[in-house]
Amino acid sequence: MQSSAGFNLVPTQPSNTDIVKIFDTQLGQKLLFHKPFDLPIEVERTHKSLINQIEPWVKLGLITKEKTRFLAEKIMYGELREVSVGGFKYRYNQDSPLVGEKGIFYGRPSVQEVFSVSQVNDIAGEFFCEVYLSWHVNDVPDWVAKVDIKQRENRLLRRALESHKRPFEKRLQLILISDEWQLWQGREGQKSPQSLF
């Protein structure tokens, strides 16, 4: 008589090496991009504070600037009128190797430490586990240190620079498919892709 115990074997948890490999393959290849401004944008010459914020990015070659004239609504003689104003048009510099459709490249995610791996759970015949880990940003380009990382919109850049000492923490759900652990991407029709943030 055959024992039924053999049919209910729960697979072993992924090792730290497995987890790093899964992270590197499925999340580490996702380069990190930053969009400090919603571009393209036309700015009047008189908007000095915004121009001063964008100017360092222009000097780094990450944003382009061109002189322009455009219509803007102004109150003149007590009425709202459209008038021609001088200013600048800013765009992300698509000729820069650091600029892509998602913004400006600022690094790559990498596992720093695996804190814990939950027990493997059998849910409706599928095996899951949760991994709790920390990660930091590698390959941070030089330009990051040359912009004002104290500005609120540059918070991620500041965190990237600090991440080796103050790493990000993340919980990830893994699923066993064909005897290999991988990042769980949700069910058909109700996708919930896991991201770093």
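**View A. Charge distribution in the predicted protein chain.** In this predicted model, the mean positions of the 27 positive and 25 negative charges of the protein chain lie 8 Å apart. Lys and Arg count as positive and Asp and Glu as negative, with His and the chain ends not counted, and each charge is placed at NZ of Lys, CZ of Arg, CG of Asp or CD of Glu.

**View B. Glu-44 and its surroundings.** Glu-44 belongs to strand β2, which covers residues 41–44; strands (E, at least two residues) are DSSP runs numbered from the N terminus. Because its relative accessibility is 11%, Glu-44 counts as buried, a class that means under 20% relative accessible area with a 1.4 Å probe and protein chains only. Leaving aside residues up to four places away in sequence, Glu-44 touches Ile-51, Phe-70, Ala-72, Lys-74, Val-85, Gly-86 and Gly-87, where contact means heavy atoms within 4.5 Å.

**View C. The N-terminal residues and model confidence.** Over residues 1–6 the pLDDT, the predictor's confidence in each residue from 0 to 100, stays under 50, and the model has one contact beyond four places in sequence for this stretch. The protein chain has a mean pLDDT of 87, with 91% of its residues at 70 or more.

**Notes to the views.** Residues are numbered from 1 along each chain as its sequence is written, and side-chain values use heavy atoms, with hydrogens and water left out. As the model is predicted, local features need pLDDT of at least 70 and side-chain atom pairs count only at pLDDT 80 or more, whereas totals for chains, interfaces and linings use all residues.

Definitions and conventions
Helices (H or I, at least four residues) and strands (E, at least two) are DSSP runs, numbered from the N terminus. Buried means under 20% relative accessible area, exposed over 50%, partly exposed in between (1.4 Å probe, protein chains only).
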